[in-house]
Amino acid sequence: MHLPGSDAAPSAHAVQGRVARLGSAIHVEGLNHWYRSGRASVQALHRISLDVPAGGYVALTGPSGAGKSTLLSLIGGLERPQQGGLRVGEHNLTGLRGDALAAYRRGTVGFVFQHFGLLDLLSARENIELAAALASPAPDHRRLALSLLNEVGLSARAEHRPGELSGGERQRVAIGRALVNDPSLILADEPTGNLDSESAMRVLDLLERIHSERGCTLVVVTHNEAVAERAERRHRLDDGRLLS
Ligand code: ADP
């Protein structure tokens, strides 16, 4: 089977990643998390403990409302842990807030979301270039964007806008964008949720190739068992609790 992007030469980042480092290990211990809505409080996570080894590939599964996205946002530093322990690589997220949490996200994490989050008026290249400019003041955002489009097998679509791309191609642009900061951790929240089954498998092929070439840790949130089965390990959540 032809893998998307498999004709593309590995980028300098990929080669460097293979040689230079292994992804970030994740250590979660007794994590509780609540959301307040009006006067009520919803406990989204109950004493979650799990470990993901450096360079591991895990799936978080479970029904809607189980707490998967909450756990992913905490690991990604999008929200602050309220109670319990959470470490990613050398970062103790329990103690981070504000700018320090933002610096952790910028330096460590690449996010991929179900709805791609691309800007309609920008081309594939410009979408990645903009993210590169926001991530780092270093020049040559254009070259980085072109190299990442090559890595995700979309060089030929660089000047196309999202509206001119298929769902699978849009997700591949979004994956290229997630790599602008050369992350050691990729967090993908239902990355195939908007795709037909063939495009879904191709997007997973791509995430897995990036995971192995760059050596980064990969966490995929999904309610789709066929997607979850491809991970090295599955953690199932229900009603905010880990069932293992
Ligand atoms: P999943 O990703 O498994 O669908 P979530 O992590 O999104 O689950 O949600 C877990 C629980 O937390 C649900 O009961 C949900 O309604 C609640 N929740 C999530 N985000 C918020 C929020 N911002 N405000 C209030 N409740 C929330």
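How many of the eight residues of α2 are buried? I would like to begin there, and I should say at once that what we are looking at is a predicted model. Helix α2 is mostly covered, since seven of its eight residues are buried, and these are Lys-68, Thr-70, Leu-71, Leu-72, Ser-73, Leu-74 and Ile-75. After α2 comes Gly-77, whose phi is positive, near 75°.

Let me turn to the ligand, with α2 still in view. The residues around the ligand include Pro-63, Ser-64, Gly-65, Ala-66 and Gly-67, and then Lys-68, Ser-69 and Thr-70, while Tyr-35, Val-42 and Ala-44 also belong to this shell. If we ask which element gives the largest share of the shell, the answer is α2, with three residues.

Some of these residues also come close to the ligand through polar atoms. A polar backbone atom of Gly-65 is 2.7 Å from an oxygen atom of the ligand, and an N or O atom in the side chain of Lys-68 is 2.8 Å from a ligand oxygen. For Thr-70, a polar side-chain atom lies 2.5 Å from an oxygen atom of the ligand. Taken alone, the ligand exposes 560 Å², and the protein buries 61% of that. The space that the ligand takes is the second largest pocket, and the elements giving two or more residues to the shell are β2, residues 40–52, and α2, residues 68–75.

Now I would like to move to strand β3, which covers residues 57–61 and holds Leu-60, with Thr-61 in this strand as well. Is Leu-60 buried or exposed? Its relative accessible area is 2%, and because the cut-off for buried is under 20%, Leu-60 counts as buried. The reasoning carries over to Thr-61, which is buried because its relative accessible area is 3%.

What, then, surrounds these two residues? Leaving aside neighbours within four places in sequence, Leu-60 is in contact with several residues, among them Leu-50, Val-219, Val-220 and His-235, and its partners also include Lys-68, Leu-71 and Leu-72, three residues that we met among the buried ones of α2. Val-221 deserves a separate word, for Leu-60 and Val-221 are 161 residues apart in sequence, yet their C-alpha atoms are 4.7 Å apart in space. Thr-61, with the neighbours within four places again left aside, is in contact with Lys-68, Thr-222, Glu-225, Ala-228, His-235, Arg-236 and Leu-237.

I will close with Lys-68, which is buried in α2, is in contact with Thr-61, and has a side-chain N or O atom 2.8 Å from an oxygen atom of the ligand.

Notes
Residues are numbered from 1 along each chain as its sequence is written. This is a predicted model: local features need pLDDT of at least 70, side-chain atom pairs count only at pLDDT 80 or more; totals for chains, interfaces and linings use all residues. Side-chain values use heavy atoms; hydrogens and water are left out. Helices (H or I, at least four residues) and strands (E, at least two) are DSSP runs, numbered from the N terminus. Buried means under 20% relative accessible area, exposed over 50%, partly exposed in between (1.4 Å probe, protein chains only). Contact means heavy atoms within 4.5 Å. A residue is near a molecule or strand if one of its heavy atoms lies within 4 Å of it. A polar contact is a pair of N or O atoms within 3.5 Å; within protein, one must be able to donate a hydrogen and the other to accept it, and residues adjacent in sequence count only if both atoms are side-chain atoms. Accessible areas come from the Shrake-Rupley method with a 1.4 Å probe; for residues, only the protein chains shown count as cover. On a 1 Å grid over the protein atoms alone, a cavity is a set of points where a 1.4 Å probe fits but cannot get out, and a pocket is an open set with protein on both sides within 12 Å along at least five of seven lines; lining residues have an atom within 4 Å of a point. A molecule sits in a cavity or pocket if more than half of its atoms lie within 2 Å of its grid points.
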